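Visitor: I would like a close look at one part of this protein, and I work with coordinates all day, so please be specific. Could you take me to a single helix and then show me what surrounds it?

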Amino acid sequence: MSTRMRFTIWRPLATAAVTLLVAAFLTPGAAHGAPRESRPVYSYENAVREAVWVDTGLDGDGDGRADRVAVDIVRPREPAARGRKVPVIMDASPYYSCCGRGNESQRKTYDADGDVVGMPLFYDNYFVPRGYAFVGVDLAGTNRSDGCVDVGGPSDIRSAKAVVDWLNGRARAYTTRTGTTTAEADWTDGRTGMIGKSWDGTIANGVAATGVKGLRTIVPISAISTWYDYYFSQGAPLYDSGPDWLSDYVESPAARAGCAAVQQRLVDGAPRTGDLTPLWAGRDYVKDARKVKASVFLVHGLQDLNVRTAHVGRWWDALAKNGVTRKIWLSQTGHVDPFDFRRSAWVETLHRWFDHELLGYDNGIDREPMADIERHPDQWATSAVWPPHGTRTATLRPSTGDRPGVGTLGLRRGTGTAAFTDDPRLSESDWAARIDTPTPDKAGFVTAPLRRDLRLSGSSEVTVTATPTTATAHLTAVLVDLGPDTVRDYAASGEGITTLTDRSCWGASTAGDSACFKNTAAKTADVAQTVVSRGWADLGTSADPGHGVPLTPGRAYTLTLDLAATDHVFPAGHRLALIVAGTDKDLIDPPADTPTLTLDLARTSARVPLAGGADAFARATAGAAPAAPGSRPLDGIGTPHRTYRIP
């Protein structure tokens, strides 16, 4: 395409002839050659804005009528006038009215006819002029939809799946919430991509796991892959509430009045015992990964302590096992959208991803590195595949050291014991800060300073044999990088970003929907240690991970804790530490008792995925002298404020 033509595209289109000429260039298979990028040739101001209500086939609120979910649509007017059909980008959310979306908590707004005027986020502003429709779905029981919220269950998933079915001619929709006039999706080719952060991205995972036809790709951002893991970690409760609280939080007042039975089923099916009940099994999308036909572009913060990276590892591995086309971004942030930590690169990459997956453009994104990983604030590296080739599991073993209470970590089987007493007042940051000092609240094991960089990629696990003094006990295992660094401050209110006052614009605007959003910058902290991976468990689940039982004091139990997926480079000169302790303050709830636990180090180990495996660890630690004893605490990120419970 010539420079003159590019200039013409960006100007207001004066005539239909120009529009038709440009469309010819942008249509896949056009005579002038295959396009590589969709361009903003359509009017956003004159876009069609409409609402339909899709029949889900469910009656969650028990009123004798099938539930209908509200679907707000913004689509370019010109393609339909010329008989062209467009693909759909869809965000199904429970948050459009109660809480808002994005860093600025935007909500949907409507005109007097009930058609959407303001749609949260930039997706409609940016993609509608480029020939996509944007669809915002109110999950059942929220905003203008019927039904009840069931927190990742059949109602949530069917809410969104029914819309994909309607877009592909397999479901019925109506022009009003209660009327009988039907609406056809004759303006779309049915090719749909789902996107969303947190609960929204979770719905994308769940719909993909149904194998629904027409869903070509999903972009889950900070999303849940199994709801059990949102509320529990191997029997240890992560929050002092369950899904019934969350349902009540987002449900519309009208829905809440008729959803008491659904609420009670959430209470009954999710006991605070941490048992893996049928309710949780029905909200596990990982087990249905074999059904996924859509490609997956996954984005997650490695320090996300809301939707923790345990959700990344199992989902990613299951998708890989089933041959799903995948791409991944891993940032240093907490629960943050990439639009707010890497905006320009994110918009460009997402644009190219949707062009490839929904328009079929051969733009090369499928031949680029699979993974982007943030190594330092705003400094990114890539991997051709993830985890990278040559990653192998190394078994690291803790042992007693030369100093009482300060152990070592190496490849040889350990000896001796280590004991600690649960102290719910302390967190992983407290333990790591005093790794070189014997304290009664932890068992710590440290390598000598590394002679070479060492890269950990993927999910680790720590097996412990522990003898408790009480009938209940919770365990935490963390891997720590001991050494100076500048990192994103994920414990601060912005979870690694600072929101600025100036704005940048990403797409077209109208009087009722601005494409201009507040800019952000990295919020950083200088630290002497960084926790890079975590895992928690109730020791009572050692025999059956789905059911906890009281412990027998004085008896030894063997349990394997699953640590969250990560990708981290331990630089030469730093040390790698394994810490085993009890309650991780503000990240898991404490047990009923205050146990002392004694570890049998000969039967305790950590299996970690390292680039180069055990050989790389041996080379990195060969000939390294132990670090001199330190007395000053190693400052790290502060304890995050416990403000979660809302994905």
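Guide: Happy to; we will start with the whole chain, stop at one helix, and then visit a pocket and a loop. Please keep in mind that this is a predicted model.

The protein contains 15 helices and 31 strands. For 647 residues, a compact globule would have a radius of gyration near 26 Å, and the protein agrees with that because its own value is 26 Å. Along the principal axes, its C-alpha atoms fill a box of roughly 80 × 60 × 45 Å. Of the 647 residues, 59% are buried. Contacts also reach far along the sequence: among those between residues at least 6 apart, 77% join residues at least 24 apart.

Now to the helix I would pick for you, α15, which spans residues 613-621. Which of its residues are buried? They are Gly613, Ala616, Phe617 and Ala620. These four lie on the same side of α15, because the arc they cover around the axis is only 100°. The spacing rule behind such a pattern is a familiar one: an α-helix has 3.6 residues a turn, so residues three or four places apart point the same way.

What do the buried residues of α15 pack against? Their partners are four strands: β17 (391-403), β18 (406-410), β21 (454-458) and β31 (605-611). After the helix comes Gly623, with a positive phi near 75°.

From the helix, let us move to the empty space in the model. Rolling a probe the size of a water molecule over the atoms shows where such space is left. The largest pocket has a volume of about 840 Å³. It is lined by 34 residues, and those closest to its centre are Gly102, Lys197, Asn306, His335 and Glu495. By class, the lining divides into 14 nonpolar, 13 polar and 7 charged residues. Strand β24 (residues 497-505) gives the largest share of the lining, with 3 residues.

One last stop, for contrast with the buried side of the helix, is a loop residue. Glu184 sits in the loop between β8 (182-183) and β9 (188-197). Is Glu184 buried or exposed? Its relative accessibility is 59%, so Glu184 counts as exposed. Measuring between C-alpha atoms in the model, you will find Glu184 and Ala173 7.1 Å apart in space, while 11 residues separate them in sequence.

Conventions
Residues are numbered from 1 along each chain as its sequence is written. This is a predicted model: local features need pLDDT of at least 70, side-chain atom pairs count only at pLDDT 80 or more; totals for chains, interfaces and linings use all residues. Side-chain values use heavy atoms; hydrogens and water are left out. Helices (H or I, at least four residues) and strands (E, at least two) are DSSP runs, numbered from the N terminus. Buried means under 20% relative accessible area, exposed over 50%, partly exposed in between (1.4 Å probe, protein chains only). On a 1 Å grid over the protein atoms alone, a cavity is a set of points where a 1.4 Å probe fits but cannot get out, and a pocket is an open set with protein on both sides within 12 Å along at least five of seven lines; lining residues have an atom within 4 Å of a point. Grid points are joined across faces, edges and corners, and a volume is the space filled by probe spheres set on the points. Ala, Val, Leu, Ile, Met, Phe, Trp, Tyr, Cys and Pro count as nonpolar, Asp, Glu, Lys and Arg as charged, and the others, Gly among them, as polar. The arc is that of the directions from the helix axis to the C-beta atoms. Contact means heavy atoms within 4.5 Å. The radius of gyration is taken over C-alpha atoms; the globule rule is 2.2 Å times the number of residues to the power 0.38.
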